[in-house]
Amino acid sequence: MGESSNMPFWRAKSLEAMSGPEWESLCDGCGRCCLNKLEDWDTGEIAWTNLACQLLDGQSCRCSDYENRHATVPDCVQLDPATVRQLSWLPATCAYRLVAEGRDLYWWHHLVSGDPDTVHQAGISARGRTISELGKDVEDYEDHIVDWPGENPFEDAA
(Lines give C-alpha, C1' and ligand atoms only; values in the text may rest on other atoms or scores of the structure.)
Protein backbone atom coordinates (compact mmCIF):
# COMPACT_ATOMS: atom_id res chain seq x y z
CA MET A 1 0.00 0.00 0.00
CA GLY A 2 1.10 3.54 -0.69
CA GLU A 3 1.83 6.33 1.73
CA SER A 4 -1.67 7.76 1.27
CA SER A 5 -3.20 4.66 2.92
CA ASN A 6 -1.94 5.94 6.28
CA MET A 7 -3.22 9.45 5.66
CA PRO A 8 -6.64 10.56 6.90
CA PHE A 9 -9.17 10.74 4.07
CA TRP A 10 -9.30 14.55 4.10
CA ARG A 11 -5.57 14.65 3.33
CA ALA A 12 -5.62 11.77 0.84
CA LYS A 13 -8.72 12.75 -1.18
CA SER A 14 -9.98 15.81 -2.95
CA LEU A 15 -13.40 17.11 -2.00
CA GLU A 16 -14.73 15.61 -5.25
CA ALA A 17 -13.39 12.14 -4.42
CA MET A 18 -15.01 11.92 -0.99
CA SER A 19 -17.90 9.58 -0.30
CA GLY A 20 -21.17 11.01 1.01
CA PRO A 21 -20.42 10.00 4.62
CA GLU A 22 -16.87 11.41 4.38
CA TRP A 23 -18.24 14.70 3.00
CA GLU A 24 -20.83 15.01 5.76
CA SER A 25 -18.26 14.15 8.45
CA LEU A 26 -16.12 17.12 7.39
CA CYS A 27 -18.62 19.52 8.90
CA ASP A 28 -17.08 20.61 12.19
CA GLY A 29 -20.43 21.60 13.71
CA CYS A 30 -19.50 25.22 14.35
CA GLY A 31 -22.83 26.49 12.98
CA ARG A 32 -21.24 29.62 11.57
CA CYS A 33 -22.23 29.00 7.96
CA CYS A 34 -25.85 29.23 9.18
CA LEU A 35 -25.42 32.80 10.40
CA ASN A 36 -26.59 35.78 8.41
CA LYS A 37 -23.79 37.72 6.81
CA LEU A 38 -23.66 41.16 5.24
CA GLU A 39 -21.50 41.84 2.19
CA ASP A 40 -20.17 45.28 1.31
CA TRP A 41 -21.17 45.78 -2.33
CA ASP A 42 -18.11 47.92 -3.06
CA THR A 43 -15.35 45.91 -1.36
CA GLY A 44 -16.86 42.42 -1.10
CA GLU A 45 -15.96 42.41 2.60
CA ILE A 46 -18.10 40.10 4.71
CA ALA A 47 -19.52 41.27 8.04
CA TRP A 48 -20.71 38.48 10.32
CA THR A 49 -23.80 38.77 12.47
CA ASN A 50 -25.02 36.79 15.45
CA LEU A 51 -28.38 36.28 13.70
CA ALA A 52 -28.88 32.58 13.08
CA CYS A 53 -30.99 30.87 10.49
CA GLN A 54 -34.33 30.00 12.01
CA LEU A 55 -33.44 26.30 11.74
CA LEU A 56 -30.10 26.50 13.57
CA ASP A 57 -30.15 24.91 17.01
CA GLY A 58 -28.08 27.38 19.03
CA GLN A 59 -26.90 24.73 21.47
CA SER A 60 -25.94 21.86 19.15
CA CYS A 61 -24.98 24.22 16.29
CA ARG A 62 -26.70 21.86 13.86
CA CYS A 63 -29.66 22.34 11.58
CA SER A 64 -32.85 21.31 13.33
CA ASP A 65 -34.34 20.02 10.04
CA TYR A 66 -31.34 19.31 7.82
CA GLU A 67 -33.06 16.87 5.45
CA ASN A 68 -36.00 19.24 4.78
CA ARG A 69 -34.28 22.61 5.27
CA HIS A 70 -34.98 23.87 1.75
CA ALA A 71 -38.73 23.65 2.37
CA THR A 72 -38.40 26.23 5.17
CA VAL A 73 -35.32 28.11 3.93
CA PRO A 74 -35.36 27.97 0.11
CA ASP A 75 -32.14 29.98 -0.20
CA CYS A 76 -30.14 27.68 2.09
CA VAL A 77 -26.87 27.07 0.26
CA GLN A 78 -26.15 23.43 -0.54
CA LEU A 79 -22.40 22.93 -0.15
CA ASP A 80 -20.63 20.90 -2.79
CA PRO A 81 -16.99 21.02 -3.95
CA ALA A 82 -17.63 23.69 -6.59
CA THR A 83 -19.64 25.86 -4.21
CA VAL A 84 -17.03 25.57 -1.47
CA ARG A 85 -14.40 26.90 -3.87
CA GLN A 86 -16.58 29.86 -4.89
CA LEU A 87 -17.97 31.08 -1.56
CA SER A 88 -16.06 33.93 0.01
CA TRP A 89 -18.02 33.75 3.24
CA LEU A 90 -17.20 30.28 4.51
CA PRO A 91 -15.47 30.70 7.86
CA ALA A 92 -11.67 30.68 7.64
CA THR A 93 -11.78 27.73 10.05
CA CYS A 94 -14.29 25.71 7.97
CA ALA A 95 -13.06 22.18 7.22
CA TYR A 96 -14.48 22.28 3.70
CA ARG A 97 -12.57 25.47 2.98
CA LEU A 98 -9.38 24.18 4.62
CA VAL A 99 -9.42 20.97 2.58
CA ALA A 100 -10.19 22.87 -0.64
CA GLU A 101 -7.17 25.08 0.08
CA GLY A 102 -4.94 22.04 0.71
CA ARG A 103 -4.66 22.76 4.43
CA ASP A 104 -5.12 20.41 7.37
CA LEU A 105 -7.89 20.43 9.96
CA TYR A 106 -7.42 22.16 13.30
CA TRP A 107 -6.82 20.17 16.49
CA TRP A 108 -10.35 20.86 17.68
CA HIS A 109 -12.04 19.29 14.64
CA HIS A 110 -13.81 16.10 15.73
CA LEU A 111 -12.04 14.04 13.05
CA VAL A 112 -8.73 15.00 14.69
CA SER A 113 -9.73 15.18 18.36
CA GLY A 114 -12.21 12.31 18.30
CA ASP A 115 -14.69 14.45 20.23
CA PRO A 116 -17.48 16.49 18.58
CA ASP A 117 -17.48 18.84 21.58
CA THR A 118 -13.94 20.21 21.07
CA VAL A 119 -15.15 22.74 18.47
CA HIS A 120 -17.26 24.24 21.26
CA GLN A 121 -14.57 23.88 23.93
CA ALA A 122 -12.11 25.73 21.68
CA GLY A 123 -14.57 28.64 21.37
CA ILE A 124 -14.83 28.33 17.59
CA SER A 125 -18.53 27.52 17.37
CA ALA A 126 -21.58 29.73 17.56
CA ARG A 127 -22.89 27.83 20.60
CA GLY A 128 -24.71 30.21 22.93
CA ARG A 129 -23.75 33.27 20.89
CA THR A 130 -26.68 33.64 18.51
CA ILE A 131 -30.24 34.83 18.31
CA SER A 132 -32.81 33.79 15.75
CA GLU A 133 -33.33 35.80 12.62
CA LEU A 134 -37.10 35.42 13.08
CA GLY A 135 -38.77 38.76 13.61
CA LYS A 136 -35.67 40.76 12.65
CA ASP A 137 -35.84 43.23 9.79
CA VAL A 138 -32.97 43.11 7.30
CA GLU A 139 -32.47 46.83 7.93
CA ASP A 140 -31.56 45.98 11.54
CA TYR A 141 -28.96 43.30 10.72
CA GLU A 142 -26.15 45.86 11.02
CA ASP A 143 -27.00 46.15 14.72
CA HIS A 144 -26.00 42.48 15.09
CA ILE A 145 -22.50 42.55 13.53
CA VAL A 146 -19.98 40.58 15.62
CA ASP A 147 -16.44 39.20 15.37
CA TRP A 148 -15.98 35.44 15.27
CA PRO A 149 -12.83 33.52 16.23
CA GLY A 150 -10.59 32.72 13.29
CA GLU A 151 -11.90 35.43 10.98
CA ASN A 152 -9.06 37.85 11.65
CA PRO A 153 -6.15 36.86 9.36
CA PHE A 154 -3.68 38.01 12.05
CA GLU A 155 -5.25 35.78 14.70
CA ASP A 156 -4.39 32.11 15.12
CA ALA A 157 -7.60 30.05 15.08
CA ALA A 158 -5.82 27.06 16.54
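**Close-up views of side-chain contacts and strand pairing**

At 43% relative accessibility, R85 counts as partly exposed. This residue belongs to a predicted model, and the legends below describe close-up views of that model.

**Figure 1. A salt bridge joins E16 and R85.** The partner of R85, residue E16, is likewise partly exposed, with a relative accessible area of 49%. The two side chains meet with a nitrogen-to-oxygen distance of 2.6 Å. This contact links distant parts of the chain, 69 residues apart: E16 is in the loop between helix 1 (9-12) and helix 2, whereas R85 is in helix 4 (residues 81-86).

**Figure 2. K13 and E22 form a salt bridge.** Side chains of opposite charge can pair when their charged atoms come close. Here the closest N and O atoms are 2.8 Å apart. The two residues fall into separate accessibility classes: E22 is buried, at a relative accessible area of 16%, while K13 is partly exposed, at 32%. A value under 20% counts as buried, so the 16% of E22 places that residue in the buried class.

**Figure 3. R97, E101 and R103 belong to one network of salt bridges.** In the contact between R103 and E101, the closest N and O atoms are separated by 3.1 Å. Both of these residues are partly exposed, R103 at 38% relative accessibility and E101 with a relative accessible area of 41%. Salt bridges with shared partners bring R97 into the network with E101 and R103. Over the whole structure, the search finds 5 salt bridges.

**Figure 4. The rings of F9 and W10 form an edge-to-face pair.** A pair of aromatic rings is described by the distance of the centres and the angle of the planes. The structure contains 3 aromatic pairs. In one of them, the ring centres of F9 and W10 lie 5.4 Å apart and the planes stand at 85 degrees, so the arrangement is edge-to-face. F9 and W10 are both buried.

**Figure 5. W23 and Y96 form a tilted aromatic pair.** The ring centres are 4.5 Å apart and the planes meet at 40 degrees, so the geometry is classed as tilted. W23 lies in helix 2 (residues 20-26) and Y96 in helix 5 (residues 95-100); the pair therefore ties together parts of the chain that are 73 residues apart in sequence. W23 and Y96 are both buried.

**Figure 6. Arginine side chains lie over the aromatic rings of W48 and Y66.** The charged end of R32 sits over the ring of W48, at 5.9 Å from its centre. In the second contact, R69 lies over the face of Y66, and the distance to the ring centre is 4.0 Å.

**Figure 7. An open sheet is formed by 3 strands.** Strands of a sheet pair through backbone hydrogen bonds, either parallel or antiparallel. The strand order in this sheet is 1-2-5, with mixed pairing. Strand 1 (35-39) and strand 5 (131-132) stand at the edges with a single partner strand each, so one side of each has no neighbour in the sheet. Strand 1 pairs with strand 2 (residues 46-52) in the antiparallel sense over 4 bridges. Across this sheet, K37 stands opposite W48 of strand 2. The ring of W48 also has the charged end of R32 over it.

Terms used. Residues numbered from 1 in each chain as written. Predicted model: local features only at pLDDT ≥ 70, side-chain atom pairs only at ≥ 80, totals over all residues. Heavy atoms only, no water. Phe/Tyr/Trp six-rings, centres within 6.5 Å; stacked < 30°, edge-to-face > 60°. Buried < 20%, exposed > 50% of the residue type's maximum accessible area, 1.4 Å probe, protein only. Helix = DSSP H or I, 4+ residues; strand = E, 2+ residues; numbered from the N terminus. Lys NZ or Arg CZ within 6 Å of the ring centre and 35° of its normal. Salt bridge = Lys/Arg side-chain N within 4 Å of Asp/Glu carboxyl O. Pairing = 2+ DSSP bridges.
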